[in-house]
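Here are a few friendly notes on charged side chains and how they pair up. Please keep the structure open beside you as you read.

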Amino acid sequence: MTAQLTEQQQAAEITVTKVGGALGAVIGNVALGGDLAPETVAAIRQALLDHKVIFFREQRHLDDAGQLAFAKLLGTPTLAHPTSKSLEGAANVLPIDSDYSKANSWHTDVTFVDRIPAISLLRAVTLPPYGGNTTWANTVSAYAKLPLPLQALVDQLWAVHSNVYDYAGHADEGRIGGVDVKFEEHHKQFESKRFETEHPVVRVHPETGERSLVLGHFVRRFVGLSSAETTALYQLLQNRITNLDNTVRWHWQPGDLAIWDNRATQHYGVADYDDQPRRLHRITLAGDVPVSVNGVRSTPRTGDAAHFSALDN
């Protein structure tokens, strides 16, 4: 388990206010950017490890360059995505744009590659007048609360993750007369290069030593189980993760930035804003290859993600 903030980190004088019992905290008294003092960066990172997802209000001064400069203080940025296009002139920034995609399914970012990003930073750019909240779930507490027989089962379980179907690239089935061309193009781009990776269902967090469930939308099957068995067990485990008591929901405001530990959470963008525009910019930071409770690393089956991300050792 992680320790509380040290005296040196407390000297950074950020404020940390919990917003949910399972996870989530608002960080105050800081203007984010690439020039933060090391002790402030350390305090922010510790708050992230402690609370899994942290939120910053009133960061209206940030643009893509400022978001990236701050992100580099926390880790090594990946490319925006293994297959999807980044912003023009900003190779590390992925637009989450309602015109092309909606991340309205529970997932951990980019689990279809072997080197899952460690941290994601999401900044509000254009917000709808209503709706469009994002919800996070704690995959560490979900594992900890499993009955011991279930823990024993999932400790030995492996799952195949793939990008063959995009959580953010649904065809617009609600429009009479066919699919939405922009959504369809985004979907094809997402699958333009196929990735498939075998991950342990339980990974050991490389910084905290906590055990965390690695599931979400990109899971295709559990190794050694039939499709029917996979469906039943997957739903049982996912329901544990996404139980409302294990989540926190954030109402976006202009100037907001959210940072989450991608090794300890899932998230869901609620698509309840009709046809109103919604755009947020995401940067992800390099992570390690997950390791099972027995010390076995994840194995790529299809696709090489070396172009997407370095390995965080």
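1. Arg263 is a good place to begin: this residue is buried, with a relative accessible area of 4%. Here buried stands for under 20% relative accessible area, exposed for over 50%, and partly exposed for anything in between, using a 1.4 Å probe and protein chains only. Please bear in mind that this is a predicted model, where local features need pLDDT of at least 70, side-chain atom pairs count only at pLDDT 80 or more, and totals for chains, interfaces and linings use all residues. Residues are numbered from 1 along each chain as its sequence is written, and side-chain values use heavy atoms, with hydrogens and water left out.

2. The partner of Arg263 is Glu207: they form a salt bridge whose closest N and O atoms are 2.9 Å apart. A salt bridge means a side-chain nitrogen of Lys or Arg within 4 Å of a carboxyl oxygen of Asp or Glu. Glu207 is partly exposed, at 37% relative accessibility.

3. Which residues belong to the network around this pair? Salt bridges with shared partners join Arg45, Glu207, Asp261 and Arg263.

4. Next, take a look at Glu196 and Arg194, a salt bridge with 3.3 Å between the closest N and O atoms. Glu196 is buried at 9% relative accessible area, whereas Arg194 is partly exposed at 46%.

5. Arg60 and Glu58 form another salt bridge, with their closest N and O atoms 3.6 Å apart. Both of these residues are exposed.

6. For the overall count, a search of the whole structure finds 16 salt bridges.
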